[in-house]
Amino acid sequence: MPSLFKLHRLKLAGLLLAANLGLLLHLAAGELKPLAQWVWLDILGEGGSALLCLVWLGLVLKSRPAGRVTNFLALGLGLVFFSWWVDALDEFIQIADAIGWDNWLESAPMPLGLVLLTFGLYHWHHEQLAISAQMEKRERLFREHRLFDKLTPLGAADYLRLQLEQSLALARAEQQALSLVIVDLDDFSAINRLYGHAEGDRVLQALTQLLLLNLRRQDLLCRLAGDRFVVLLPHTGERQARQLAEELQAAVAHLAHKTGQHGERLQLRATTASVMALQDDAQSLLQRLNLALAKAKQPPYACSA
Ligand SMILES: Nc1nc2c(ncn2[C@@H]2O[C@H](COP(=O)(O)OP(=O)(O)OP(=O)(O)O)[C@@H](O)[C@H]2O)c(=O)[nH]1
């Protein structure tokens, strides 16, 4: 919560100032109503609406990065709040009928606020479409956040198993090929040791972005564990999967990741392997994939032994 106030202090200060100004204007021009004249239903309706609007504003500011769309949403909600706030003030403060500005103060911000809110929501919708297109390679069919890794944030091992079971059934029904590629960083523990765990985290995040950029729209990238990633490739045969594995390996070797502290370039390497589904279930296919990776990880002399 403190970061919310820090990040949006100008907007929140402006809202507080406007609400106070409205209150002071009413107090200066009107008289407090006796308790007997309070209409509780109106107070609850109008005051409750104003409060709810503040909750919406808090949620929007907390869940969005600062920027143009957030400004439209905040300004829109701020104006709607102000309108309801002034409306609620009428319930406590009696303004003479001859005064007209209080009606303007109450009514004018509402339509303006709703227009800005609509504009902000429209752009938020477009943002969301772009994010969803990007997310397609990370999560498919449903969102089950329990199954997602917090760091990258890709589907984790359980999510991969679930998706693999569904994709295998589909591939069998459609008589289509399905393959898996595994990507495992070489000597990743040395990065943790030499540059710290936080730098290791940044490497995993950079690697995630890199892999996503190199995948097709229908592919699904998951983080199996630690520095090990698996790509599920629907409609993909053995040769194509092997080619993609090589491309991913080359992409990792060309990644110019710089450390956060001194900007040193880290030379990353990855081992990759691929398998095509035959008559396997999810479990045995993943076992074959891990075996293929273990084999690829072996130094050449061990292979020939
Ligand atoms: N920074 C960071 N490290 C992690 C995370 N999860 C696992 N690790 C570390 O990843 C390392 C994985 O070690 P290994 O499986 O030996 O992998 P490696 O060092 O790349 O060795 P090879 O795969 O044999 O080349 C361990 O040191 C774990 O502590 C994580 O989320 N963040």
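The paragraphs below lead through this predicted model, from its packed helices to its sheet, two backbone features and the surroundings of its ligand.

Two packed helices are described by the angle between their axes and the distance between the axes, and helix H4, which spans residues 68–89, offers two such cases. Helix H2, made of residues 9–29, packs with H4 at an angle of about 20°, the two axes being 10 Å apart. Angles under 35 degrees count as roughly parallel, and H2 and H4 are therefore roughly parallel to each other. The crossing of this pair is right-handed. From H2 the contact draws on Lys 11, Leu 15, Ala 18, Ala 19, Gly 22, Leu 23 and His 26, while H4 brings Ala 74, Gly 78, Phe 81, Phe 82, Trp 85, Val 86 and Leu 89. Sorted by character, the residues where H2 meets H4 comprise 10 nonpolar, 3 polar and 1 charged.

The other case pairs H4 with helix H3, residues 40–63, whose axis comes within 8 Å of the axis of H4 and crosses it at roughly 165°. Since angles over 145 degrees count as roughly antiparallel, H3 and H4 are therefore roughly antiparallel to each other. Here the crossing is left-handed. Among the residues that H3 places in this contact are Ile 43, Ala 50, Cys 53, Leu 54, Trp 56 and Leu 57, and among those from H4 are Leu 73, Ala 74, Leu 77, Gly 78, Phe 81, Trp 84 and Trp 85. The residues of the contact between H3 and H4 divide into 16 nonpolar, 4 polar and 2 charged. Ala 74, Gly 78, Phe 81 and Trp 85 of H4 are listed in the contact with H2, and these residues are also listed in the contact with H3.

Further along the chain, the backbone has two features that can be set against a general expectation. Most residues other than glycine have a negative phi, and most peptide bonds are trans. The bond joining Thr 152 and Pro 153, however, is a cis peptide bond, with omega at about -20°, and Pro 153 sits in the loop between helix H6 (109–135) and helix H7 (157–174). Gln 175, for its part, has a positive phi, near 55°, and is found in the loop between H7 and S3.

Strand S3 belongs to an open sheet of 4 strands, ordered S4-S5-S3-S8 and paired in antiparallel fashion. Strand S4 (220–225) and strand S8 (270–276) form the edges, each pairing on one side only, and the twist from one strand to the next averages 20°. Between the antiparallel strands S3 and S8 there are 7 bridges, and Ser 179 stands opposite Met 276 in S8. Helix H11, residues 282–297, lies across S3, strand S5 (228–234) and S8, and runs at about 140° to S8.

S3 also leads to the ligand, because strand S3 (178–185), helix H8 (188–195) and helix H9 (197–213) each supply at least two residues of the shell around the ligand. The greatest share comes from H9, with 4 residues. Of the 14 residues around the ligand, those that come nearest are Asp 186, Phe 188, Ser 189, Gly 200 and Gly 226. In character, the shell around the ligand is made up of 4 nonpolar, 5 polar and 5 charged residues.

Definitions and conventions: Residues numbered from 1 in each chain as written. Predicted model: local features only at pLDDT ≥ 70, side-chain atom pairs only at ≥ 80, totals over all residues. Near = placed C-beta within 6 Å. Nonpolar A, V, L, I, M, F, W, Y, C, P; charged D, E, K, R; others polar. Axes fitted to C-alpha atoms, helices over the stretch in contact; angles between N-to-C directions. Parallel < 35°, antiparallel > 145°, perpendicular 65-115°, else oblique. Left-handed = near helix turned anticlockwise from the far one by under 90°. Contact = placed C-beta atoms within 7 Å. Pairing = 2+ DSSP bridges.
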